[in-house]
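Welcome! Please take a look at the sequence and the structure below before reading on.

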Amino acid sequence: MKKLSILILILSSAFAYAQTPEEKGLEIAIEADKRDQGFADSSSKMTMTLKNANGDESIRKMRSKTLEVQGDGDKGLTIFDQPADIKGTAFLSFTHVLDADDQWLYLPALKRVKRISSKNKSGPFMGSEFAFEDLSSREVEKFSYLYLKDEAVDGEDAFVIEVRPNYKYSGYTRSVVWISKEKYQPLKIDYYDRKNSLLKTMTVSGYQQYLGQYWRPDVMVMANHQTKKETRLDFADYKFKMGLSERDFNKSSLKRAR
Amino acid sequence: MIKTAVSCALLFGFSQVKAGEWSGYVAAEYRGFTQSKLDAEQFDKSSLSLSFEPEFYHSWNGGDDSFTFVPFARWDEHDSQRSHVDIRELVWLHVAQDWELRVGIDKVFWGVTESQHLVDIINQTDLVENLDGEQKLGQAMLSLSLIKDWGVLDLYVLPGFRERTLPGKDGRFRSIPEVDDHTVYESGAKDKHMDYALRWGQTFDDWDVGISHFYGTSREPRIIPTVTPAGLRLVPYYDIINQTGLDVQATFDEWLWKVEVIHRSGQGETFNAFTGGFEYTFVGVMDTAADFGVIAEYLYDDRGTNAVTAFENDIFVGGRLAMNDAASSELLFGIISDVNNRTRFYNIEASRRFGDSWVLSLEGRFISAGSMGGPFSSIRKDDVIQLELARHF
């Protein structure tokens, strides 16, 4: 009897200290979020190269600015430079953790600011293989997590976690993310569609560290396994802590964004 | 201090890269008319037209000051009134922490609805450009925007007035007889009258709200039949009006609910007009990347059949298909039906990009004028298919 109670004690304390895969997954996500906090604001230039199954390419160029918002999703402003017919078009978004995002589009030909439906999370961004949700800010509470295993990507040690969206209108049942143990940033993501078939794989490379803290990639490549289309996204001119404020992310600044 | 200096340097560097740049488009347009002209003086069958809209933009002072110049020119094969030039924008913009100042010629859009734009009043419609009235003439203005926690307040002083462009006697889409060019103004200052406007706008979570007021020369002329020694003439008459407007959009996921209301006095009987409805978007229709939006709006004007507008008691039903493909292929179609008579106005617009810089657009407008003497009676033979190829740079 005494032996049994000791055994129970040992077992229960073992249970108390052993992490479940859910807890470990969440812990990794929280650590990744923590390491990326405090950048205040950032901007970058982006070049998107869309390639169809025949290898035909078309180019998109844009600039984006981000304002870090504590306790909610970030605010973002994206200005399109190319192709020429959409030059000057700008996109303002206030992302939220679980609520629908607020999104406005500025159409320069009509000088019109349009509030648009936020249901398009799963929709393609600029006709590319990236969906809006792939480029949106990744708050911890947006997903639930499950640690799967450790596995290196191109020699870089990584945690492999399964991520399921908690928000409405996602195009994915789940994604599997390889997170660098060194940088706590994704090296590779497999996206599974609503039918749980492998849809896309994103590989992220050329990470550089800015301000001694923030890791940002130079290249993201999104390959669609079902359509054989591919989009390459190159980043340049990262800047941080420029002193941007709410004032730079409203309908007035959207109208004059250049 | 050093941080500020560094960020200023970065921002300045950013603006330097973008300083003094040209962009714009040049386009060729073909219009084919499926029916014979109604008036002997109008042209028949088809017409060709070319248009050019370059844009020069220069910014300095770390982007806090900018200068934009957008001239526009169109040549039309048949309609001499449609061949015209305009300065769409010639404006200096200064941006400060919580205010913006614009001086020069600029374009301003107000409103939320799709079938018509009741509240939008700052710029005159360049009607010869397109029957949809979405093209606007540049307007001289001094405009101050105050950006505060309680919303954005835009104040406008508008010196000088632009007459609405109307097709010439050779042109289609016109009244019969054509509107005379001997414009009459209520104000003794004629087109030099000083107009004023203001608009307050604010976002409350899912709600975007705007309240506006305009005092000055009506952008919409009353067309007055006048007997002259040369016979019956239609004369455009521009009243001095007061117009208060309200525009509201509520955005609930895939539902967009939209309302515009105006109250106008000074143009004959005081009246109210309303446009309101919804747009519902199906995202990823039939397992594709395409979005399909269904739009329905009700258009009302309490002047009834005396209204200058044709949309006094009408229903608009339409659809918008966005393929979300690399070519940005889009299709928009709609029907405006008069509730009282059988007048129908059908509209279709489609466009897609070819390569990096070419855009091909197709427009079709078809009128089924129920009764003679209805609002579309004089353009009932003006069904048109329009093809435009534009090169953007």
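Here is a short tour of confidence, one sheet and the contact between chains.

This is a predicted model, in which local features need pLDDT of at least 70, side-chain atom pairs count only at pLDDT 80 or more, and totals for chains, interfaces and linings use all residues. Residues are numbered from 1 along each chain as its sequence is written, while chains are lettered from A and ligands numbered from 1 in the order in which they are written.

**Confidence**
- The model has an ipTM of 0.89 and a pTM of 0.89.
- Chain B has a mean pLDDT (the predictor's confidence in each residue, from 0 to 100) of 91, with 93% of its residues at 70 or more.
- Residues 1–17 of chain B have pLDDT below 50, and this stretch has 13 contacts beyond near neighbours in sequence; two residues are in contact if their C-beta atoms, placed from the backbone, lie within 7 Å.

**A sheet in chain B**
- An open sheet of 3 strands runs in the order S8-S12-S11 in chain B, with mixed pairing.
- Strands (E, at least two residues) and helices (H or I, at least four) are DSSP runs, numbered from the N terminus, and two strands pair if DSSP finds at least two bridges between them.
- The edge strands of chain B, S8 (184–185) and S11 (222–228), each pair on one side only.
- S11(B) pairs with S12 (residues 231–238) of chain B over 7 bridges in the antiparallel sense.
- Arg222(B) has Tyr237(B) as its bridge partner in S12(B).

**Where the chains touch**
- Chain A gives 29 residues to the contact and chain B gives 39 residues.
- On the side of chain A that touches chain B, strand S2 (57–67), strand S6 (112–116) and helix H4 (251–255) of chain A each supply at least two residues.
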